Amino acid sequence: MEQSYIVLIILAVMILGFLINKWSYGLTTMICCALLALTGVLPIQDAFAGFCNKTLIMIACIFVISHAFGKTSFLHSIQMKIMKMQGGKSALAILLIFCALIAFFAQMMVATTTVALMIMLLGILSSDKDLCASRVLLPTALLASIWTSKVPVAMGATASSRLNAFLEAYGVTFGLTDVFKASIITLILLSVYFIFGYKMLPKNEIDASQIGSVKEFVAIPRGQEIITYIVFVCVMGSFFFGKALGDYMYMMPVIGVIVLQITKTLTMKEVLQNLSTDMVFMLAGIFVLSDALVSSGAGELLGNAINGILGKNPSSVAIVTVFTLGSGIMTNFMNNTATYNVLVPLAAAASVAGGFDPRAAVMGAAMASYFTILPYGATNVAMAFAAGHYTLKNTLKFTLPFFLIAEVSTILCVLWLFPC
């Protein structure tokens with residue numbers, strides 16, 4: 001059997017494991033890594049290379065730093081103040097604040113870091129209220145994906161240029177603000193949906209190792225608190241300069257953990273507890289399977305299948321709809337970068353072959369590559385699923401309408417902005 005089909009079968013095993021929810025997410029993905037090695041799709045060292053992934057190393061160390069920051073009086077005071085707002089009409093104010101913070105952070109850093117920052121603030125939400133952490137965590141992760149690099153500043157300043165690399169050969173390009181124009185209506189609609197629809201999500205107990213508690217605050221020595229503040233500001237501040245720092249950005253959380261350990265601000269037990277959570281194992285497995293989808297050709301197989309759906313002489317609306325919907329579905333099973341790189345050029349080629357302006361289909365496919373609602377395709381969504389103890393069954397009534405709103409609004413917006 002070809003490797004691409006084996007990888008698709010193993011992907012199905014992971015999805016089934018997540019659906020039945022019999023084992024932890026980490027164990028499920030480790031089973032998939034073992035299957036990739038046993039079937040010969042990947043060598044053993046590559047099948048478990050997710051533990052060496054620079055993003056995983058960064059995330060694991062951020063968990064440790066977040067734990068340290070959660071012990072400070074500063075965060076505790078903020079949590080206590082906002083807790084007083086929780087419930088009644090003040091719940092709307094809290095949600096609006098969260099939406100604004102997500103939009104801001106997502107322009108400066110990747111979605112994973114945005115969620116890591118927001119996770120620390122979720123400790124303000126009491127689990128016995130309607131507006132609790134488990135009802136905000138997953139929407140935060142979903143919005144963080146879609147908001148990433150949409151405003152033409154910081155990381156978003158290069159979004160149009162990235163798309164133009166696929167279009168220049170056809171004599172058309174996007175303007176600097178076109179990505180923002182194509183996504184802003186969708187983002188507003190999804191934010192409104194989150195604010196009024198969060199109660200559809202379950203009230204779960206949140207993993208205390210990922211979200212700080214305000215109920216067990218114990219003051220720490222002033223010196224250790226100052227060290228924690230310095231480490232936190234330096235590490236989080238480095239994410240605002242990720243483009244300039246390059247791979248050194250991934251080392252900043254590592255250095256931060258070393259400083260916290262050397263200064264005895266955190267004990268070795270605290271460090272190890274946060275470095276070895278189930279979420280870390282789950283992410284390591286997802287990274288490997290996502291890479292295997294690309295290297296085995298399974299991703300290209302899915303892309304060609306989407307292209308084949310169009311048949312002969314498709315209309316411009318059909319092309320835009322198929323590639324936008326196909327991208328949204330595909331990105332839930334492989335990472336958004338791979339989906340983007342597979343489908344965007346196919347969307348451009350299919351549009352030009354049909355005699356249409358390729359910008360609508362290209363923009364639709366690109367936007368939809370961020371519509372991840374399942375834990376398989378995006379690290380930040382996987383983080384939310386693990387920390388929130390969600391299951392696919394108890395989240396679909398929120399995530400499926402979220403996905404449909406994103407898809408329909410994007411298709412209509414790109415067809416309006418770029419008439420074929």
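This is a short tour of a predicted model, from the whole chain down to its largest cavity.

Before you start, note that residues are numbered from 1 along each chain as its sequence is written. Because the model is predicted, local features need pLDDT of at least 70 and side-chain atom pairs count only at pLDDT 80 or more, while totals for chains, interfaces and linings use all residues; side-chain values use heavy atoms, leaving out hydrogens and water.

**Stop 1: the whole chain.** Show the protein chain as a cartoon. You will find 21 helices and 0 strands (DSSP runs, H or I of at least four residues for helices and E of at least two for strands, numbered from the N terminus). The C-alpha trace spans about 70 × 50 × 40 Å along its principal axes.

**Stop 2: inside and outside.** Of the 420 residues, 54% count as buried, meaning under 20% relative accessible area with a 1.4 Å probe, protein chains only. Now switch on the surface: the chain exposes about 17600 Å², and carbon and sulfur atoms supply 68% of that (Shrake-Rupley method, 1.4 Å probe).

**Stop 3: the largest cavity.** Select I146, A182, S183, T186, M367, F371 and T410, which line the largest cavity. A cavity is a set of points on a 1 Å grid over the protein atoms alone where a 1.4 Å probe fits but cannot get out, and lining residues have an atom within 4 Å of a point. About 40 Å³ of space lies in this cavity, a volume being the space filled by probe spheres set on the points, joined across faces, edges and corners.

Which helix gives the most to the lining? Colour helix 10 (residues 178-197), which contributes 3 residues.

Definitions and conventions. 1 Å grid on protein atoms, 1.4 Å probe; cavity = no way out; pocket = protein on both sides within 12 Å on 5 of 7 lines; lining within 4 Å. Buried < 20%, exposed > 50% of the residue type's maximum accessible area, 1.4 Å probe, protein only.
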